[in-house]
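This briefing introduces a structure to a reader who is meeting it for the first time. Please look over the sequence and the model before reading the points that follow.

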Amino acid sequence: MSGPYRTDVDLGAFNTLALPGQAARYQRITDAAQLADPTLASERRFVLGGGSNLVLTGDVDRRVLHMAIAGRRLAGEDDSAWYVEAGAGENWHDFVQWTLAEGWPGLENLSLIPGTVGAAPIQNIGAYGLEAGERITRVTAWDFTKQAVCQLTRNDCRFTYRDSLFKQEGWHLDGRLAITAVTFRLPKAWQPNCRYADVAQELATRQITTPTPRDIADAVIAVRQRKLPDPAVTPNAGSFFHNPIVSAEQAAALKTAHPGLPTYPQPDGRVKLAAGWLIEQAGWKGKALGPVGMYEKQALVLVNLGGATGNDVKRTMAAVQADVLARFGVSLTPEPIFL
Ligand code: EPU
């Protein structure tokens, strides 16, 4: 049957772990109007962005909607902020660099994060002391159930650490919504955010004491390039596990037993632990099981060393989880989506 989609499309190039898998039906979405096609509402769907937070475990018996909606513009301005809107398919890093070049800072700490603008709200991407949710003011999406455009405010999105309404409701898995555009509020009263030790260190090395937004972006890019593998060279999906958040009691007990453990107190009294440290201490930094290992410079990043399948990823993931649990009594939750 012919349609607006292609059949049996290899998704290997569309996921940054470079895992094999075929989409039964594959459609590139370049215009939000394509989503109003009523046949889509009755079909099983998966909404794909940059594929940088995805573990493909095999072939996909759904219609894969590959979001490629372009466009970025200054949507508004008032005394306090610029409001910048971008299409879901825009490359995240290119978008951030464009805002900086236009003189609208505020996203510089999120430079070089892989993926697309439309995926940013779903797991509330974050790095170096900033989360995207702090800047997002509106998310525009197509709701397949209501067959209508919907607009969500920041509050609607229920952002927390690597989490949002979209994940809490499972919409990232069942394809209920397709995010088509995101609007960011970039305050005019800009303040450098360089408290994160790695960024502060990089700026100090460069002898920069009053950094511009561009200086911070450059420092973040340098730190990331040093620590994180380039998916084009070594396929990966960024941090593979969440940093676990445990009770203050459990954190205190772990800290007594392991004084080197990095701990980050949370506003609610709980404590976030560095999963990368736990994984390294469990012996997994630079270690592999078959074709899947944990990166030699950042143990939180799982890497495909060549020819891995989704099952190979699952095997290494389970082995790492088991070792960290046995050693520290801490369960690690994967960050990517399994399809
Ligand atoms: N650490 C180790 N060994 C390792 C890795 C880390 O001991 O192999 C220690 C570090 O020395 C440091 C602590 O763990 O004391 C934290 O490490 P790092 O600063 O590298 O950050 P992270 O907690 O591992 C998180 C995010 C990253 C983000 C960085 C910077 C998560 C799951 N990951 O990593 O996000 O770039 O902070 O803000 O929250 C991503 O989500 O894909 C991602 C890359």
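A nonpolar core is a set of buried Ala, Val, Leu, Ile, Met, Phe, Trp, Tyr and Cys residues joined through side-chain atoms within 4.5 Å, where buried means under 20% relative accessible area, exposed over 50% and partly exposed in between, with a 1.4 Å probe and protein chains only. This is a predicted model, in which local features need pLDDT of at least 70, side-chain atom pairs count only at pLDDT 80 or more, and totals for chains, interfaces and linings use all residues. Residues are numbered from 1 along each chain as its sequence is written, and side-chain values use heavy atoms, with hydrogens and water left out.

**Cores**
- The largest nonpolar core has 44 residues, and those with the most contacts inside it (heavy atoms within 4.5 Å) are F241, L273, L278, I279, V320 and V324.
- Helix 10, at residues 310-328, gives the most to this core, with five residues; helices here are DSSP runs of H or I with at least four residues, and strands are runs of E with at least two, numbered from the N terminus.
- A second, separate core of 41 residues includes A86, F95, W104 and C150.

**Salt bridges**
- The structure holds 15 salt bridges, each being a side-chain nitrogen of Lys or Arg within 4 Å of a carboxyl oxygen of Asp or Glu.
- R25 forms a salt bridge with E43, their closest N and O atoms being 2.7 Å apart, and both residues are buried.
- R25, E43 and R63 are linked in a network of salt bridges.
- D143 pairs with R176 in a salt bridge whose closest N and O atoms are 3.0 Å apart.
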